[in-house]
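The following exercises concern an interface between two chains and the backbone of selected residues. Each task is followed by a solution in steps.

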2 protein chains.
Amino acid sequence: MAEQTRITTRTYCRCMRAEEIAEDLPVVDIDSDAVDAARKMAEHRLPGVVVTDAAGKACAVLPASAVVRSLIPRYVQDNHSLAGVINESMADRAADKLRGKTVRDVLPDNSEVSSADADDTIIEVAMAMEQTKSPMLVVMKDGTPHGVITVSGLLAAALKL
Amino acid sequence: MAEQTRITTRTYCRCMRAEEIAEDLPVVDIDSDAVDAARKMAEHRLPGVVVTDAAGKACAVLPASAVVRSLIPRYVQDNHSLAGVINESMADRAADKLRGKTVRDVLPDNSEVSSADADDTIIEVAMAMEQTKSPMLVVMKDGTPHGVITVSGLLAAALKL
């Protein structure tokens, strides 16, 4: 039924809207395990996941790059030249730095949800992506998250793949 | 044979190196069609592709975000509020802006190859990713590109997925 409605709409206006480009919403709770969030991104090759607060409201996008940053010991972040002196077995246990941490712990300061409206055109979505520099936009429909748009998903839509 | 060598190495030092994390190298020629580069990123859900010069040498990484930027008409880039007034059929033909353009045309100024050494540990790769802010690192081995590491690929390696 949903598919039928979509076809009718597209035949009518021949345009593609954010709502149609959106893919499944990958969600993690802000107080859930950071390892699970990292696993979700790694398994589905996602550039980020949407974070929800205690009330279930989308409150941020956690970029995969922020999780990668949290793998780096603080003293290496402060003195980059130390990256080379970490011994191999320590480097191989990089993910241990995530254990016991929650999504809240690895979320960058001032994180927010970069969003597009369900009705936005491809150009509006591209513009929102360019302005926010976010790897993932949350598509909002009637005030609730409907799905996400990634950079490669937007390219696929523009090329009508 | 290659697989056997890899297993032997890992059993011996129990550590993971950039060379092992690297995935297939997605390459486009700098003078090839920008549409083909966009299609490659869209189809394989890549955050970028490696660009080679006329001599076949890796000279840049083209981020998918740069291709998205090139979909936006110049007058909208200059005045963001105009994104909303582009009519639907124009927005739906966003990819037309890529046609006739080469990879060179859409490559950001001062693009370069962000790389990791084949021997780098996970921490060194994470550090290089953090410093360059590149969505994709080229793993160099004996002076030639061996493969690429994406953010989600690095997370998968850290989590031993």
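**Exercise 1.** Determine how many residues each chain gives to the contact, and how much area is buried between chain B and chain A.

Solution. In this predicted model, the contact draws 53 residues from chain B and 52 residues from chain A. The two chains bury about 4,500 Å² between them. Of this area, 69% lies on carbon and sulfur atoms.

**Exercise 2.** Identify the salt bridges and polar contacts across the interface of chain B and chain A, then describe the side of chain B that touches chain A.

Solution. Begin with the charged pairs: 4 salt bridges are found across the interface. One of them joins B:Arg69 to A:Glu130, where the closest N and O atoms are 2.8 Å apart; this falls within the 4 Å cut-off for a salt bridge. Next, 4 residue pairs are in polar contact, both residues being at pLDDT 80 or more. On chain B, the elements giving two or more residues to this side are α3 (34–43), α4 (64–70), α5 (74–78), α6 (88–92), α8 (122–132) and α9 (151–158). By residue class, the side comprises 31 nonpolar, 9 polar and 13 charged residues.

**Exercise 3.** Locate A:Lys160 and B:Asp142, and decide whether each is buried or exposed.

Solution. A:Lys160 follows α9 (151–158) of chain A. Its phi is near 55°, a positive value in a residue other than glycine. Its relative accessible area is 54%, so A:Lys160 is exposed, the cut-off being over 50%.

B:Asp142 occupies the loop between β5 (136–141) and β6 (144–150) of chain B. Although not a glycine, B:Asp142 has a positive phi of about 50°. With 75% relative accessibility, B:Asp142 is therefore exposed.

Conventions
Residues numbered from 1 in each chain as written. Chains lettered and ligands numbered in written order. Predicted model: local features only at pLDDT ≥ 70, side-chain atom pairs only at ≥ 80, totals over all residues. Heavy atoms only, no water. Contact = heavy atoms within 4.5 Å. Buried area = accessible area lost by both parts, 1.4 Å probe. Salt bridge = Lys/Arg side-chain N within 4 Å of Asp/Glu carboxyl O. Polar contact = N/O pair within 3.5 Å; in protein donor to acceptor, adjacent residues only side chain to side chain. Helix = DSSP H or I, 4+ residues; strand = E, 2+ residues; numbered from the N terminus. Nonpolar A, V, L, I, M, F, W, Y, C, P; charged D, E, K, R; others polar. Buried < 20%, exposed > 50% of the residue type's maximum accessible area, 1.4 Å probe, protein only.
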